[in-house]
Amino acid sequence: MTTVHRLRIGQSVAEDLIDKVPHRWDVTEIFIDDRPLAHWLGIKRDLGNYGSDLDPAQSPALRARGLALFLGREPSCNQNGSGRHVLYRCHCGSDYCGVISCVLEFDGDHVVWQQITFEDEAGPMLAPHPGENPAQGAFPPGAPLRFVFDRAQYQTELERHYAP
């Protein structure tokens, strides 16, 4: 039996060292069953995974495109050329730094995020590198993850988030 998860878009805090000084700032977060996606992945929100197409500070045109991408009205794309949907990206806006991405699928009454994992120019990381220290590696524990959402709830939440 497939577990159907609940999507919520909200706020969280990212933190990182800048010039050896700790900084904290608010970020838009993807919550799955009220747990941040970053927690599911076993990563922290920092400058390396700060940005997303969910940022409310984007221009109206970019917000409209973000909604269209999340709802499958436009094909997913990223600078790595994989066609995967970007969930988190670097603060600089470049996908070449590495992203957390997924295969976004629509299946009747469900939306599926398949193979949620780290991706860079070498492609999605579908398994840890041989000999990689899991505590220091780019492959999130338990990845690649898969989440199934109720399509109506998913669309309603995204439309609520992107509303002006």
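**Exercise 1. Find the residue that stands opposite F31, and place the pair in its sheet.**

Step 1. F31 faces P36, a residue of β4. Strands here are DSSP runs of E with at least two residues, helices are runs of H or I with at least four, and both are numbered from the N terminus.

Step 2. β3 (residues 21-32) and β4 are antiparallel partners, joined over two bridges; two strands pair if DSSP finds at least two bridges between them.

Step 3. Now widen the view: the order β2-β3-β4 makes an open sheet of three strands with antiparallel pairing. Its edge strands, each pairing on one side only, are β2 (7-18) and β4 (35-36).

A word on the source: this is a predicted model, where local features need pLDDT of at least 70 and side-chain atom pairs count only at pLDDT 80 or more, while totals for chains, interfaces and linings use all residues. Residues are numbered from 1 along each chain as its sequence is written, and side-chain values use heavy atoms, with hydrogens and water left out.

**Exercise 2. Work out which residues of α2 are buried and what they pack against.**

Step 1. Buried means under 20% relative accessible area, exposed over 50%, and partly exposed in between (1.4 Å probe, protein chains only). In α2 that gives R63, G66, L67, A68, L69 and F70.

Step 2. Look for their contacts (heavy atoms within 4.5 Å). These buried residues pack against β5, β6 (99-107), β7 and α3 (151-162).

Step 3. Follow the chain past the helix: G72 comes after α2 and has a positive phi, near 75°.

**Exercise 3. Describe the lining of the second largest pocket.**

Step 1. On a 1 Å grid over the protein atoms alone, a pocket is an open set of points where a 1.4 Å probe fits, with protein on both sides within 12 Å along at least five of seven lines; lining residues have an atom within 4 Å of a point.

Step 2. The lining has 14 residues, with D53, R65, L69, C77 and R89 nearest the pocket's centre.

Step 3. Sort them by element: α2 (60-70) and β5 (85-88) each supply at least two, and the largest share, four residues, belongs to α2.

**Exercise 4. List the residues that Y154 touches.**

Step 1. Set aside residues up to four places away in sequence; Y154 then touches L7, F70, L71, L104, F106, V111, W113 and F149.
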